[in-house]
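Please read the following explanation with the model open beside you, since each paragraph takes up one part of the structure and invites you to find it on the screen.

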Amino acid sequence: MKKIGILFGQENSFPQAFVDRVNRINPPGIFAELVTIDKVLQGADSGYAVIVDRISQDVPFYRAFLKNAAIAGCAVINNPFWWSADDKFFNNALAQKIGVNVPRTVLLPSYALPDNTTDKSFRNLVYPFDWNTIFDYIGFPAFMKPFAGGGWKHVYHVEDKDDFFRQHADTGQLVMMLQEEIDFTQYYRCFCIGGNQVRIMAYNPKNAPHQRYQSDFKGSDTLMQQITEQVIALNQYLGYDFNTVEIAVRGEVPYAIDFCNPAPDADINAIGEEHFEWVVETSARYAIERAVAQKPGKDNLTWGRFVRQHTSKKAAVPTVKTIKAAKTAKAPPVKEKAASAKKTGKTSASPKKAKPKEKQ
């Protein structure tokens, strides 16, 4: 019997609905439950074929638990190793590389020195920073936000350079990005599950949080298709199984604003019953699919195209035993090589005569 578990925090509606839906579908040999943890032994099997992660970004203990579960063969949704390495600034650079429109963005050093550092820790950093070039590149008004973060925390709307310096002084040790403002005519938040299932939801970030999904944006079929393709491309390159992408449309051009949301808000009171039903049903069926495919003790994580394109040729993973065997393998004795050379009249160091080149 394979278990699907969901690891969650303060949210209420989605986790239990997800568990109930998997068990209502009732796939043979598979059932779902809320994850329980009473010990974490290194390398030990967690007992779950699949775990849906909704909280480890806020709880380091859970992140370590999920990595340990993954190395023992659990299919974790989303990949905790990639999620640990990813950030919003890298996301933008990758999006630009694969042809997805994104706002102009720059990375900023933290205003305050990080703990355990001094001025000498930043001798490679030119002071003052080239602010004029940065401001000319981004333009004003702009947005300033953490390069890694979410939940609309520490997001600043910046009117001009004086406003920038004033607000940047309030960011402390946070590493921030300054980003071009997209004056949008339409805005959408898009769920992507399994790297290919997309739900486009009209959304207005200018509204109060409880009213953001009460929007009436309606784009053309061509625009919806373009958004769908970009959402799929982003998630397949990043390797996220469960994510949202926010799209701002300026004119008829979609810009990906934020697409590092691997534990996106899925509360029924926020997204509404219709969207909630789609998320519950789609995620439940995807988790079942992953449980069916899961192979105990193997790597069952999703690795995006960005990673896979650099590791397309899979080599056997070396172990202490194989490494030791390779080191102690006996090479042919030198004397035998010399004796062989005498018989043939050739040695490995003998120069080879070059063949004459054919006339062109």
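**Backbone, sheet and side chains**

Asn 26 is found in the loop that runs between α1 (13-25) and β2 (30-34). The model in which this loop appears is a predicted one, and the backbone at this position deserves a closer look. Although Asn 26 is not a glycine, it has a positive phi of about 55 degrees, and with a relative accessibility of 54% this asparagine counts as exposed. As background, most residues other than glycine have a negative phi, and most peptide bonds are trans. Another asparagine invites the same inspection: Asn 116, placed in the loop between β5 (105-108) and α5, has a phi near 65 degrees, again a positive value in a residue other than glycine. The relative accessible area of Asn 116 is 85%, so this residue is exposed.

The peptide bonds themselves also repay attention. A cis bond joins Ile 77 and Asn 78, with omega at about 10 degrees, and Asn 78 belongs to the loop between β4 (75-77) and α3 (80-85). The bond leading from Phe 140 to Pro 141 is likewise cis, its omega being near 0 degrees, and here Pro 141 sits in the loop that separates α5 (131-138) from β6 (142-146).

From these loops we can turn to the sheet. Four strands make up an open sheet, arranged in the order β2-β1-β3-β4 with parallel pairing. The strands at its edges are β2 and β4, each of which pairs on one side only, and neighbouring strands are turned against each other by 20 degrees on average, if direction is ignored. In general, the strands of a sheet pair through backbone hydrogen bonds, and they may do so in parallel or antiparallel fashion.

Which strands does β1 pair with, and through how many bridges? Strand β1 (residues 2-7) is joined by four bridges to strand β3 (residues 50-53), the two running parallel, and Leu 7 has Asp 53 as its bridge partner in β3. Five bridges join β1 to β2, and these strands also run parallel; within this pairing, Ile 6 stands opposite Leu 34 of β2.

Helices accompany these strands. Helix α1 packs on the sheet, where it touches β1, β2 and β3, and its direction makes about 165 degrees with that of β2. Taken together, β1, α1 and β2 make a β-α-β unit that is right-handed. Helix α2 (residues 60-71) lies across β1, β3 and β4, and runs at about 155 degrees to β3.

The aromatic side chains offer another route through the model, which holds 20 aromatic pairs. In one of them, the rings of Phe 135 and Phe 164 have centres 5.3 Å apart and planes at 70 degrees, so that the pair is edge-to-face. Because Phe 135 lies in helix α5 and Phe 164 in helix α6 (residues 161-168), this pair ties together parts that are 29 residues apart in sequence. Both Phe 135 and Phe 164 are buried. Another of the pairs is formed by Phe 184 and Phe 217, whose ring centres are 6.4 Å apart and whose planes stand at 85 degrees, so this pair is edge-to-face as well. It links distant parts of the chain, 33 residues apart, with Phe 184 in the loop between β8 (176-180) and β9 (186-193) and Phe 217 in the loop between β10 (197-202) and α7 (221-238). With a relative accessibility of 15%, Phe 184 counts as buried. Beyond pairs, one aromatic cluster is formed by Phe 129, Trp 131, Phe 135, Phe 140, Phe 164 and Phe 165; Phe 140 has already been met at the cis bond to Pro 141.

Finally, consider the cysteines. How many disulfides does a search of the whole structure find? It finds zero. For reference, a disulfide is a covalent bond between the sulfur atoms of two cysteines. The cysteine sulfur closest to that of Cys 190 is the one in Cys 192, and because the distance is 9.0 Å, it is too far for a bond. A disulfide would require the sulfur atoms to be within 2.5 Å. Cys 190 is buried, with a relative accessible area of 0%, and Cys 192 is buried too, with a relative accessible area of 0%.

Technical notes
Residues are numbered from 1 along each chain as its sequence is written. This is a predicted model: local features need pLDDT of at least 70, side-chain atom pairs count only at pLDDT 80 or more; totals for chains, interfaces and linings use all residues. Side-chain values use heavy atoms; hydrogens and water are left out. Buried means under 20% relative accessible area, exposed over 50%, partly exposed in between (1.4 Å probe, protein chains only). Two strands pair if DSSP finds at least two bridges between them. Axes are lines fitted to C-alpha atoms, for helices over the stretch in contact, and angles run from 0 to 180 degrees between N-to-C directions. Contact means heavy atoms within 4.5 Å. A crossover is right-handed if, with the strands pointing away from the viewer, the path from the first strand over the helix to the second runs clockwise. Rings of Phe, Tyr and Trp (its six-membered ring) pair if their centres lie within 6.5 Å; planes under 30 degrees apart count as stacked, over 60 as edge-to-face and the rest as tilted.
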